[in-house]
Amino acid sequence: MLLAAYGPVLASAVDVVSAEVGLVPSSRVKNTGTITEKLRRNGGHTLGSIHDLGGMRLVVSGGRAVQDRVAGQVRELFAADARTPRLIDRRVEPIQGYRALHVIVYPDGYPIEVQVRTEWQHLWAEWFERLADQYGRGIRYGEPPLSGGASAQQMIDSLLTLADQIAEAEESEGMPPLSAVALALAGAVIEFLRTRRPGP
Amino acid sequence: MSTTIPSVAHFLLIYDRAAGQLLLKEEFATDAEALTARFAAESEYGVQSNVEIIAISAASEAELKKSHGRYFLSSQELGERLVGAER
């Protein structure tokens with residue numbers, strides 16, 4: 001079974017990254033539900049065309065300069081494999097606010113997606129992913145929320161603006177504080193969620 | 001450059017997306033055991049859009065909560081974590 005075969009390859013790749021980068025990534029073989037969702041969403045795709053059946057996540061401290069350095073290290077580590085690693089820069093081409101560097105590596109021919117995120121990119125992504133659980137996973141692709149109506153859409157729009165604010169702050173050196181605008185946006189969304197208790 | 005491989009912890013998580021609630025967290029000695037448990041759980045639950053069944057590895061449970069806080073924290077807590085990150 002393909003997914004079971006991924007286990008040892010992924011574990012070995014995690015060992016390589018941990019030893020050489022000095023950070024232990026979290027790792028997982030993609031779960032069946034999200035594979036099914038992805039195949040359905042991207043009609044015509046086959047299991048073999050999904051490049052994140054195996055995945056790792058690294059969250060780096062220090063902003064974009066460190067992110068670039070770590071992604072470069074990951075590329076180097078797997079550069080000798082038959083298939084050359086591929087960098088996907090989601091900072092240049094974000095998807096619904098999601099920004100990160102993804103390096104697709106191919107140990108033993110198996111594609112593994114290594115997500116390299118800054119702390120802010122990660123915290124934003126986790127928040128948005130969680131809201132996608134609540135309002136429908138389609139919001140990650142620009143679809144309207146399945147519940148919550150106009151106020152939920154307004155909240156999602158605020159989060160997308162917040163993602164832009166974070167990107168703008170990160171483009172400067174280091175980790176400058178979030179702007180007053182970004183804090184106000186985040187605060188408005190948190191307040192919205194507070195008023196919707198006891199929901200998640 | 002160091003070649004020491006740090007230890008890794010392996011977990012099975014079962015998460016209810018709609019409720020934003022972790023239904024089960026179980027630790028295993030190896031990634032293979034966690035993956036086997038995942039396949040068994042998928043047989044039990046079937047593939048449901050609102051139930052996520054994950055075999056996942058991380059340096060520790062604390063690190064897993066940092067890298068995958070979505071499985072452990074409410075929407076509001078995740079937002080507060082972001083706002084608090086710069087302090």
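Helices and strands here are DSSP runs, numbered from the N terminus. I worked from a predicted model.

**Entry 1, pocket.** I looked up the largest pocket and found about 1,100 Å³ of space in it. Its lining has 42 residues, and I noted those closest to the centre: A:Lys30, A:Lys38, A:Asp52, A:Gln115 and A:Arg140.

Which element gives the largest share of the lining? I found that α4(A) does, with five residues. I then listed the elements that each supply at least two lining residues: in chain A these are β1 (26-29), α2 (32-41), β2 (54-60), β5 (112-118) and α4 (119-135). Chain B enters that list with β3 (51-58).

I sorted the lining by residue class and got 17 charged, 13 polar and twelve nonpolar residues.

**Entry 2, largest core.** I turned to the largest nonpolar core, which has 36 residues. The residues with the most contacts inside this core are A:Met56, A:Val74, A:Ile112, A:Val114 and A:Val116. Both chains appear among the elements that each supply at least two of its residues: α1 (2-21), β2, α3 (64-77), β4 (101-105) and β5 from chain A, and β1 (9-16), α1 (31-45) and β3 from chain B. I recorded α1(A) as the source of the largest share of this core, eight residues.

Apart from this core I found another, of 32 residues, including A:Ile139, A:Leu159, A:Ala169 and A:Leu193.

**Entry 3, A:Val74.** I checked what A:Val74 touches, leaving aside its neighbours within four places in sequence. A:Val74 is in contact with A:Val21, A:Leu58, A:Val103, A:Val105 and A:Val114.

Note on methods. Residues numbered from 1 in each chain as written. Chains lettered and ligands numbered in written order. Predicted model: local features only at pLDDT ≥ 70, side-chain atom pairs only at ≥ 80, totals over all residues. Heavy atoms only, no water. 1 Å grid on protein atoms, 1.4 Å probe; cavity = no way out; pocket = protein on both sides within 12 Å on 5 of 7 lines; lining within 4 Å. Points joined across faces, edges and corners; volume = space filled by probe spheres on them. Helix = DSSP H or I, 4+ residues; strand = E, 2+ residues; numbered from the N terminus. Nonpolar A, V, L, I, M, F, W, Y, C, P; charged D, E, K, R; others polar. Core = buried A, V, L, I, M, F, W, Y, C linked by side-chain atoms within 4.5 Å. Buried < 20%, exposed > 50% of the residue type's maximum accessible area, 1.4 Å probe, protein only. Contact = heavy atoms within 4.5 Å.
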